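Okay, thanks for making room for me today. I'd like to walk you through one structure, starting with the overall picture and then going into the empty spaces inside it. Let me put it on the screen.

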Amino acid sequence: DDEGYGDKMMSARRSDRLLSLLIDLVIVVNSLQLGWCSNPGNFEDVCYVSEHIFICIYLVELIVKLALLRSRYFENGWNRVDFFLVLVAVI
C-alpha cells in the first residue's frame, strides 16, 4: 500500500541522513587525527593504526555506495573525488 511505501521512504531518508552524519563525524575525527599525528612523539604506532582504520572506513563507505548506486555512483562529483582519494590511500 502507498502508506507503507511512504513510511519506507522516510525511514530510508532518515538512515541516509544518519549515515551521512556518521561519515561527517569520521571526517572531522580523521582531520583531528591528522593534525595530532603530524607530530606524534611516542605515538607513531597509534597514528599508523588509526590511519589504516580510517582508510578501511572510507573503503567500506565506497563499497557500500558502489553496491547501492552502481554506475550512478560516478554521476556525483563528490563521489568521484572520494573514489580517487580512497584509491590513492589504498595504493
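So, surface first. The accessible surface of this protein adds up to about 7,500 Å², and 66% of that belongs to carbon and sulfur atoms. Please keep in mind that what you see is a predicted model.

Now the fold. You're looking at 3 helices and 0 strands, and from the N terminus on, the order simply reads α-α-α. Helix 1 covers 2-36, helix 2 covers 44-69, and helix 3 covers 77-90.

How much of the protein is buried? Of the 91 residues, 18% count as buried. As for how the chain meets itself, take the contacts between residues at least 6 apart in sequence: 39% of those join residues at least 24 apart.

Okay, on to the spaces. I'll do the pocket, then the cavity.

The largest pocket has a volume of about 960 Å³. It's lined by 32 residues, and the ones closest to its centre are Ile23, Tyr58, Glu61, Lys65 and Asp82. Helix 1, helix 2 and helix 3 each give two or more residues to that lining. Which helix gives the largest share of the pocket lining? That's helix 1, with 13 residues. If you're wondering about the chemistry, the pocket lining splits into 19 nonpolar, 7 polar and 6 charged residues.

Now the closed space. A search of the whole structure turns up 1 cavity of 30 Å³ or more, and the space in that largest cavity is about 40 Å³. Its lining is made of Tyr58, Glu61, Leu62, Lys65, Tyr73, Asp82 and Val86. Some of those names should ring a bell: Tyr58, Glu61, Lys65 and Asp82 line the cavity, and they were also on the list of residues closest to the centre of the pocket.

Where does the cavity lining come from? Helix 2 and helix 3 each supply at least two residues, and helix 2 gives the most, with 4. By type, the cavity lining has 4 nonpolar residues, no polar ones and 3 charged ones.

So here's the picture to take away. For the pocket lining, helix 1 is the top contributor, while for the cavity lining that role goes to helix 2. Okay, that's what I have, so over to you for discussion.

Definitions and conventions:
Residues are numbered from 1 along each chain as its sequence is written. This is a predicted model: local features need pLDDT of at least 70, side-chain atom pairs count only at pLDDT 80 or more; totals for chains, interfaces and linings use all residues. Side-chain values use heavy atoms; hydrogens and water are left out. Buried means under 20% relative accessible area, exposed over 50%, partly exposed in between (1.4 Å probe, protein chains only). Contact means heavy atoms within 4.5 Å. Accessible areas come from the Shrake-Rupley method with a 1.4 Å probe; for residues, only the protein chains shown count as cover. On a 1 Å grid over the protein atoms alone, a cavity is a set of points where a 1.4 Å probe fits but cannot get out, and a pocket is an open set with protein on both sides within 12 Å along at least five of seven lines; lining residues have an atom within 4 Å of a point. Grid points are joined across faces, edges and corners, and a volume is the space filled by probe spheres set on the points. Ala, Val, Leu, Ile, Met, Phe, Trp, Tyr, Cys and Pro count as nonpolar, Asp, Glu, Lys and Arg as charged, and the others, Gly among them, as polar.
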